[in-house]
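Me: I am new to this structure and would like to learn how to read its features one at a time. Could you guide me through it?

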Amino acid sequence: MNNLTAQITRNVADIRGRIADTTARCGRTAREITLVAVTKYVGPAEVRALVEAGCTVLGESRPQQLWEKAELLQDLPIRWHMVGHLQRNKVRRTLPLVEMIQSADSPRLIAAVDRIAGELDRRVPILLEVNISGESAKHGFEPEAVEPFLEELAGYRNVELRGLMCIAGLQGGPDAARADFARLRQLRDRLRENCPEGIVLDELSMGMSADYEPAIEEGATMVRIGSALFEGNR
Ligand SMILES: *Cc1c(COP(=O)(O)O)cnc(C)c1O
C-alpha cells in the first residue's frame, strides 16, 4: 500500500468510526448512513486510493470534472453522484455517468433531466436541493417552494424523487448548521404527510467535513465528505 492509500485509508477509518459513534449515540446504526466521498479537490490518484479504501459512492460538484474522472476511472466500480450545480446544457452528457443527481435545484433543470432521461431510456434518482439557510448565493428551492412543486414532479416519468439535500449556512459554525439540518428534516417530515402518490422522501443528504456529526444526529442518511478524507496528504 503506498503512502497516499495508507493515509486515505486511515482517514476513511476515522470518519467511519465517528459515523458509527454518532449513530450509536442517537439510536441509529451506521448502515443507515451513506458516505459520499466528494472528490472535487483531488485528482485520479486520490480517487483510486479512495476506492481501494472502500469508498465507491463518490460525489463531484462540477460536471466537467465528473466527466473527466469518470472517463479516466472507468475500470473502477464507482457510483457517481452529482452534488453541485448542473447546467441544463450539461445534462445529456452527465446522465449516463451518474447514479443520482443530489443537486436538482430548479424546476427547469428537473424538466430537462426528465426529458433527456426519457430519450436515454433511463429513470434518474434525484434529491431536491433546498436553500435552507436562505443565503442568496446558494442554489436550490426555497423551502416554501418545495411542496407546490411536488404535484408537478409527480407527473414526471423519468425522474424519481428520493429526498432532500442541503448545504448548511457558512456563518455560525456547527450550532447554526445543526439548526439548518433540523429545518430540512422538519420540512421533509411535513411534506411526507401529504405527498403525492409515488413520491418517496427517505433520503436526507446533509453534513460535510465540518458538520456531519450534527447532521447525522438530525437525521442525515447521506453525508458528503471531501476535505476530511484527504487530510495529512498535503
Ligand atoms: C465540496 C462539497 C462537499 C464537501 O465539502 P467538505 O467540507 O470538503 O467536506 C459537500 N457537498 C457539496 C455540494 C460540495 O460542493
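Me: Which pocket is the space taken by the ligand?

Reply: Keep in mind from the start that this is a predicted model. The space that the ligand takes up is the largest pocket.

Me: Which residues surround the ligand there?

Reply: To read a binding site, one lists the residues that have a heavy atom within 4 Å of the molecule. Here the ligand is surrounded by twelve names worth finding in the view, namely Val38, Lys40, Tyr41, Ser61, Val83, Ile167, Met208, Ser209, Arg224, Ile225, Gly226 and Ser227.

Me: Where do polar atoms of the protein lie beside an oxygen or a nitrogen atom of the ligand?

Reply: The general idea is to look for pairs of N or O atoms within 3.5 Å. A polar side-chain atom of Tyr41 lies 2.8 Å from an oxygen atom of the ligand, and a polar side-chain atom of Arg224 is found 2.9 Å from a ligand nitrogen atom. With Ser227 the backbone takes part, as one of its N or O atoms lies 2.8 Å from an oxygen atom of the ligand. On its own the ligand has 380 Å² of accessible area, and the protein covers 89% of that.

Me: Is Ser103 buried or exposed?

Reply: A residue is called buried when its relative accessible area is under 20%. Ser103 has a relative accessible area of 0%, so it counts as buried. This residue belongs to strand S4, which spans residues 98–104, and its side chain reaches the backbone oxygen of Gly84 at 2.6 Å. Leaving aside residues up to four places away in sequence, Ser103 touches a set of residues including Met82, Val83, His85, Leu127 and Met165.

Me: Why does Pro63 count as buried?

Reply: Pro63 counts as buried because its relative accessibility is 2%, a value to be set against the cut-off of under 20%. Pro63 is found in helix H3, residues 63–72, and among the residues it touches, not counting those up to four places away in sequence, are Met82, His85, Leu86 and Thr94.

Me: Which residues of helix H2 are buried, and what covers them?

Reply: For a helix, one first picks out the buried residues and then asks which elements cover them. In H2, residues 44–52, the buried ones are Val47, Ala49, Leu50 and Val51. Their cover includes helix H1, strands S1 and S2, H3 and helix H9. Just after H2, Gly54 takes a positive phi of about 95°.

Methods:
Residues numbered from 1 in each chain as written. Predicted model: local features only at pLDDT ≥ 70, side-chain atom pairs only at ≥ 80, totals over all residues. Heavy atoms only, no water. Helix = DSSP H or I, 4+ residues; strand = E, 2+ residues; numbered from the N terminus. Buried < 20%, exposed > 50% of the residue type's maximum accessible area, 1.4 Å probe, protein only. Contact = heavy atoms within 4.5 Å. Polar contact = N/O pair within 3.5 Å; in protein donor to acceptor, adjacent residues only side chain to side chain. Areas by Shrake-Rupley, 256 points an atom, 1.4 Å probe, with all protein chains shown as cover. 1 Å grid on protein atoms, 1.4 Å probe; cavity = no way out; pocket = protein on both sides within 12 Å on 5 of 7 lines; lining within 4 Å. Sits in = over half its atoms within 2 Å of the grid points.
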